[in-house]
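Work through the exercises below with the coordinates open. Each task is followed by its solution in steps.

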Amino acid sequence: MHKFMRCEGKNLMTYQRKTRDVWRFYVNYGYGWEHELDEYSLSEIKKRKKEYRENCPQYPIKVVKGRERIDT
């Protein structure tokens, strides 16, 4: 993809994403939901969830999908 595109004699920049998906991992240790970690791919958060279930099965967990701003 070109950095600049010509349109009617003007240079236009191509689109760049301003946000990205993030999956947030929360655990409830009995005192409310606590944020543990963030992952940027669904496969990675599934691995973390599986690892946590194997090591600490007594605590409830949840995964929340969100968006975060990309700082350039």
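**Strand pairing**

Val27 is placed opposite Ile61 of strand β5. The model is predicted.

**Exercise 1.** Determine which strands pair with β3, and in which sense.

Step 1. Strand β3 covers residues 19-28, and β5 covers residues 61-69. Nine bridges connect these two strands, in the antiparallel sense.

Step 2. Strand β4, residues 33-39, is joined to β3 by six bridges and also runs antiparallel to β3. Here Phe25 stands opposite Leu37.

Step 3. Four residues separate β3 and β4 in their hairpin, where Gly30 has a positive phi near 110°.

**Exercise 2.** Classify the aromatic pairs and state which parts each one ties together.

Step 1. There are two aromatic pairs in the structure.

Step 2. Phe25 and Tyr52 are 5.6 Å apart centre to centre, with 70° between the planes. Planes over 60 degrees apart count as edge-to-face, and this pair is therefore edge-to-face. Phe25 belongs to β3 and Tyr52 to helix α1 (residues 42-55), so the pair links parts 27 residues apart in sequence.

Step 3. Phe25 has a relative accessible area of 2% and Tyr52 one of 14%. Buried means under 20%, so both residues are buried.

Step 4. Tyr29 and Tyr59 are also edge-to-face, at 5.0 Å and 75°. Tyr29 lies in the β3–β4 loop and Tyr59 in the loop between α1 and β5, so this pair ties together parts 30 residues apart in sequence. Tyr29, at 29% relative accessibility, is partly exposed; Tyr59, at 28%, is partly exposed too.

**Exercise 3.** Find which charged residues sit over tyrosine rings.

Step 1. Arg20 lies over the face of Tyr40, 4.4 Å from the ring centre.

Step 2. The charged end of Lys62 is over the Tyr26 ring, at 5.7 Å from its centre.

Conventions:
Residues numbered from 1 in each chain as written. Predicted model: local features only at pLDDT ≥ 70, side-chain atom pairs only at ≥ 80, totals over all residues. Heavy atoms only, no water. Pairing = 2+ DSSP bridges. Phe/Tyr/Trp six-rings, centres within 6.5 Å; stacked < 30°, edge-to-face > 60°. Buried < 20%, exposed > 50% of the residue type's maximum accessible area, 1.4 Å probe, protein only. Lys NZ or Arg CZ within 6 Å of the ring centre and 35° of its normal.
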